[in-house]
Amino acid sequence: MANIALALACQDYDHTRALTDGTVTAQGIDLKVVNISPPSQIFLRMLNNEEFDVSEMSLSNYMIALANDDRRFIALPVFPSRVFRHSYVWINTHAGIEKPQDLKGKRVGIADYSMTALLFTRGFLTHQYGVRPEDIHWFRRRREHVSIPVPEGIRIDNIGHDETLDDLLEQGELDAVALTQPPRGFVQGAANIRRLFPDARAAEAEYYRQTGIFPIMHTVVMRRAVYERRPPFAVELANAFQAAKEESYERLAENSLPLPWLNLDLEFARHTMGREIYAYGVKASLPTLEAATFYAHEQGLTKRKLEVSELFAPETLDLFEASHNAHSRPMRKTARERTPGS
C-alpha cells in the first residue's frame with residue numbers, strides 16, 4: 001500500500017526537529033512538516049479552517065471544543081510544549097504583593113482567559129495558595145481562540161485597543177500579569193517589575209514534588225476524518241514524535257545546545273523528575289492530565305469534566321509504557337544515510 005501524505009503544523013522545537021529534517025519517519029506516512037510561530041496561529045488555522053491533517057494544539061482549546069461536542073479532532077498523547085507557570089507571573093512592586101495570597105482583589109493582565117497557561121496558573125493559585133479565579137480582576141488583551149461564556153463570578157475586562165499590558169503594568173494600572181513571555185519592563189530591568197516567585201525554579205520543582213504535575217500546554221491533534229481512515233496512523237505518528245524527542249535527548253547529553261550550565265540544568269531536572277524529563281503518554285502524565293480536565297470544569301471552561309481517556313485515540317492510551325514494545329517503531333535513518341537536507 002502506498003504511503004499517505006499528511007501535513008503536520010508545529011513550532012520548530014528541538015524535540016520535533018528530527019521529523020522536519022527526515023531523520024525520523026513514520027511508517028506508511030509521507031509527512032510534510034510546516035513550522036509556524038507563534039503556535040497560536042496554528043491553533044486558529046486548525047480550529048477555524050482545519051487547515052492541516054495533524055497539528056500542535058492548545059490543550060485547553062481542544063478540551064473546550066470537545067466538551068462542546070466539536071469532534072473534528074482527536075489527540076495523540078504527545079505534548080510538544082510543557083511549561084511550569086510559576087515563573088510566568090510578574091508583579092508591579094508598588095502593588096503591595098509579597099506573596100501569592102496578596103493577589104486577592106488585584107488587577108491582573110492576561111492574553112486571554114481560556115488559554116492553557118492560565119488554566120494551570122489559576123489551578124496552582126487556587127489549590128496551593130487559596131486564591132480563586134473570582135478573587136482576581138482580570139484584564140484581557142485579545143479575543144478568545146474558542147468561544148466561552150464568562151464563568152459565573154469572574155470579572156474580565158478588555159483593555160483598550162490603544163493600550164498594552166506592558167504599559168499598564170509599568171504605570172501601575174495593572175498590579176500583575178500572567179503571560180507566556182516576560183513583560184517589557186522585566187526584560188529591560190525596570191526596578192518596579194519582578195517575578196511573583198523570586199526563586200521560581202525552586203517553587204516549580206517543589207510544586208512538581210508535591211503534585212506530580214508538569215503542566216502540558218499543547219498536545220497534537222489529527223483531523224478525525226484522517227484518523228478514521230487509518231486508525232493505526234495515530235500510533236505511528238505518536239511513536240515518531242517519541243523517537244524525535246529521543247534524538248533531542250541525545251543532543252542534550254552531548255551539551256550541543258548554546259546554553260551555559262546546560263549540564264547542571266539537565267542534572268537538576270533529572271534529579272527532580274527522573275530520567276524522562278519530558279514525558280509523552282497518558283499514564284506517565286496522568287497527574288497533569290487529570291488536573292487539566294478537573295481545572296477546566298472547575299473553572300467553568302468545560303460544561304462537564306472530561307475523562308482523560310476520551311481525549312486521545314484509543315490505540316494510543318498505553319503508548320510509552322511497557323506495552324510500547326509491542327507496537328511498531330518509527331523508522332530512523334542511520335548516520336550513514338543522513339545527508340544535509342534529507
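Rings of Phe, Tyr and Trp (its six-membered ring) pair if their centres lie within 6.5 Å; planes under 30 degrees apart count as stacked, over 60 as edge-to-face and the rest as tilted. By this rule, Phe84, Tyr208, Phe214 and Tyr278 form one aromatic cluster.

The structure is a predicted model, in which local features need pLDDT of at least 70 and side-chain atom pairs count only at pLDDT 80 or more, while totals for chains, interfaces and linings use all residues. Residues are numbered from 1 along each chain as its sequence is written, and side-chain values use heavy atoms, with hydrogens and water left out.

**Exercise 1. Describe the overall build of the protein chain.**

Solution.
Step 1. Helices (H or I, at least four residues) and strands (E, at least two) are DSSP runs, numbered from the N terminus. The protein chain has eleven helices and 13 strands.
Step 2. Along the principal axes, the C-alpha atoms fill a box of roughly 65 × 45 × 40 Å.
Step 3. The radius of gyration is taken over C-alpha atoms, and the globule rule is 2.2 Å times the number of residues to the power 0.38. For 342 residues a compact globule would have a value near 20 Å, and the 21 Å of the protein chain agrees with this.
Step 4. Buried means under 20% relative accessible area, exposed over 50%, and partly exposed in between (1.4 Å probe, protein chains only). Of the 342 residues, 54% count as buried.
Step 5. Contact means heavy atoms within 4.5 Å. Among contacts between residues at least 6 apart in sequence, 79% join residues at least 24 apart.

**Exercise 2. Examine the backbone at Pro38, Asp69 and Asn255.**

Solution.
Step 1. The peptide bond from Ser37 to Pro38 is cis, with omega near 0°. Pro38 belongs to the loop between strand 3 (29-35) and helix 2 (39-49).
Step 2. Asp69 is not glycine, yet its phi is positive, near 65°. Asp69 is in the loop between helix 3 (59-67) and strand 5 (73-82), and its relative accessible area of 57% makes it exposed.
Step 3. Asn255 also has a positive phi, near 55°, in a residue other than glycine. The loop between helix 9 (232-253) and helix 10 (262-273) holds Asn255, which is partly exposed at 43% relative accessibility.

**Exercise 3. Classify two aromatic pairs, and find the charges that sit over rings.**

Solution.
Step 1. The count comes to 14 aromatic pairs. One of them joins Tyr88 and Trp90, with 5.8 Å centre to centre and 85° between the planes, and is edge-to-face.
Step 2. Tyr88 is partly exposed at 23%, whereas Trp90 is buried at 0%.
Step 3. The ring centres of Phe124 and Tyr207 are 6.1 Å apart and their planes stand at 65°, so this pair is edge-to-face. Because Phe124 lies in helix 4 (residues 116-129) and Tyr207 in helix 7 (residues 200-211), the pair ties together parts that are 83 residues apart in sequence.
Step 4. Phe124 is buried, with 2% relative accessibility, and Tyr207 is buried, with 3%.
Step 5. A charge sits over a ring if NZ of Lys or CZ of Arg is within 6 Å of the ring centre and within 35 degrees of the ring normal. Arg85 lies over the face of Tyr88, at 4.4 Å from the ring centre, and Arg270 over the face of Tyr249, at 5.7 Å.

**Exercise 4. Place strand 6 among its partners.**

Solution.
Step 1. In a regular strand the side chains alternate between the two faces of the sheet. In strand 6 (residues 89-92), Val89 and Ile91 point one way and Trp90 and Asn92 the other way, and all are buried.
Step 2. Two strands pair if DSSP finds at least two bridges between them. Strand 6 and strand 10 (residues 176-178) run antiparallel and are joined by three bridges, with Ala178 as the bridge partner of Val89.
Step 3. Strand 11 (residues 193-195) is also antiparallel to strand 6 and joined to it by three bridges; there Ile193 stands opposite Asn92.

**Exercise 5. Locate the nonpolar cores.**

Solution.
Step 1. A nonpolar core is a set of buried Ala, Val, Leu, Ile, Met, Phe, Trp, Tyr and Cys residues joined through side-chain atoms within 4.5 Å. The largest has 104 residues, of which Tyr62, Leu103, Trp138 and Met222 touch the most other members.
Step 2. Helix 9 gives the largest share of this core, eleven residues.
Step 3. Apart from this core lies another, of ten residues, among them Trp90, Ile159, Leu174 and Leu179.
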